[in-house]
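Subject: Structure for you to look at

Dear colleague,

Here is the structure I promised to pass on to you. Please open it beside this message, as the notes below go through it residue by residue.

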Amino acid sequence: MEIKVTVKQLGRKHPVLSEQKLEIGYDDSKISLENLLQLIVQQQVEAFNAQPFELEDTDYTKIPSENYLNILTDTGKAGFRSIYNEKKANLQKAQENATQAFEDGMFAVFYNDEQLENLSETIDLSLQHTFTFIRLTFLAGSYW
């Protein structure tokens, strides 16, 4: 099944990732939020593990594409989509981390502008609304 996903960060006018379509291995129209998160993580881990890695001693010029420059300036993170670590992502650990991060309030999930607050909440995928993931950033400071 194909779902639409947007990733945002609070305080930013533009999304970190524009609307993307993800193909998840699910055929029913109803799904729990926990199951949906696990399927999205599974799709992302499989895509990551399928990417080839580059040896660190290989050195050649890389120029980011035009649309990628806007993301670099908005997020403040420069990267050229190269993987230097030969270690593959662990699916089970990634799914556990995603579930724990949601429970700890590290990100919020919205479906058609309605916040999903419980992992057991049922979602109707037949409506084909966009999922919005918002990364929440905590302020650091002291009481001095």
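Leaving aside residues up to four places away in sequence, Gln115 touches Ala108, Val109, Phe110 and Glu121. Please keep in mind throughout that this is a predicted model. Gln115 lies in strand β5, which covers residues 114–116, and with a relative accessibility of 36% Gln115 counts as partly exposed, because that class runs from 20% to 50%. Phe133 stands 18 residues from Gln115 along the chain, and the C-alpha atoms of these two residues are separated by 9.8 Å.

As for the overall layout, the protein chain contains three helices and seven strands, and their order along the sequence is β-β-β-α-α-α-β-β-β-β. The chain has 144 residues, of which 27% count as buried. If one takes the contacts between residues at least 6 apart in sequence, 58% of them join residues at least 24 apart.

Next comes the nonpolar core. In soluble globular proteins, nonpolar side chains tend to be buried together. The largest nonpolar core here has 22 residues, and those touching the most other members are Ile3, Leu33, Leu36, Val109, Ile123 and Phe131. At least two residues of this core come from each of β1 (2–9), α1, α3 (91–103), β4 (107–111) and β7 (130–135), with α1 giving the largest share, five residues. Ile123, which is one of the residues named above, touches Ser29, Lys30, Ile31, Leu33, Leu36, Tyr111, Leu116 and Phe131 when residues up to four places away in sequence are not counted.

Two of the helices deserve a separate word. Helix α1 takes in residues 33–50, and its 18 residues, at 1.5 Å a residue, should span 26 Å, which agrees with the 26 Å between its end C-alpha atoms. The buried residues of α1 are Leu33, Leu36, Leu37, Leu39, Ile40, Val41, Gln43 and Val45.

For α3, the 13 residues should span 18 Å at 1.5 Å a residue, and the end C-alpha atoms are 19 Å apart, which agrees. Buried in α3 are Gln95, Ala98, Thr99, Ala101 and Phe102; seen down the helix axis, the buried residues of α3 fall within an arc of 160°, so they line one face of the helix. The elements that cover these buried residues include α1, β4 and β5. At the start of α3, a side-chain oxygen of Asn90 comes to within 3.1 Å of the backbone nitrogen of Gln92, while after α3 there follows Gly105, which has a positive phi near 80°.

Finally, the structure holds one salt bridge, in which the side chains of Lys30 and Asp124 meet at 4.0 Å, N to O. This pair links distant parts of the chain, since Lys30 belongs to strand β3 (residues 30–32) and Asp124 to strand β6 (residues 122–124), 94 residues apart. Lys30 is partly exposed, at 44% relative accessibility, and Asp124, with a relative accessible area of 21%, is partly exposed too, because the limit for a buried residue is under 20%.

With best wishes

Terms used
Residues numbered from 1 in each chain as written. Predicted model: local features only at pLDDT ≥ 70, side-chain atom pairs only at ≥ 80, totals over all residues. Heavy atoms only, no water. Helix = DSSP H or I, 4+ residues; strand = E, 2+ residues; numbered from the N terminus. Buried < 20%, exposed > 50% of the residue type's maximum accessible area, 1.4 Å probe, protein only. Expected span 1.5 Å × (residues − 1). Core = buried A, V, L, I, M, F, W, Y, C linked by side-chain atoms within 4.5 Å. Contact = heavy atoms within 4.5 Å. Arc of directions from axis to C-beta. Polar contact = N/O pair within 3.5 Å; in protein donor to acceptor, adjacent residues only side chain to side chain.
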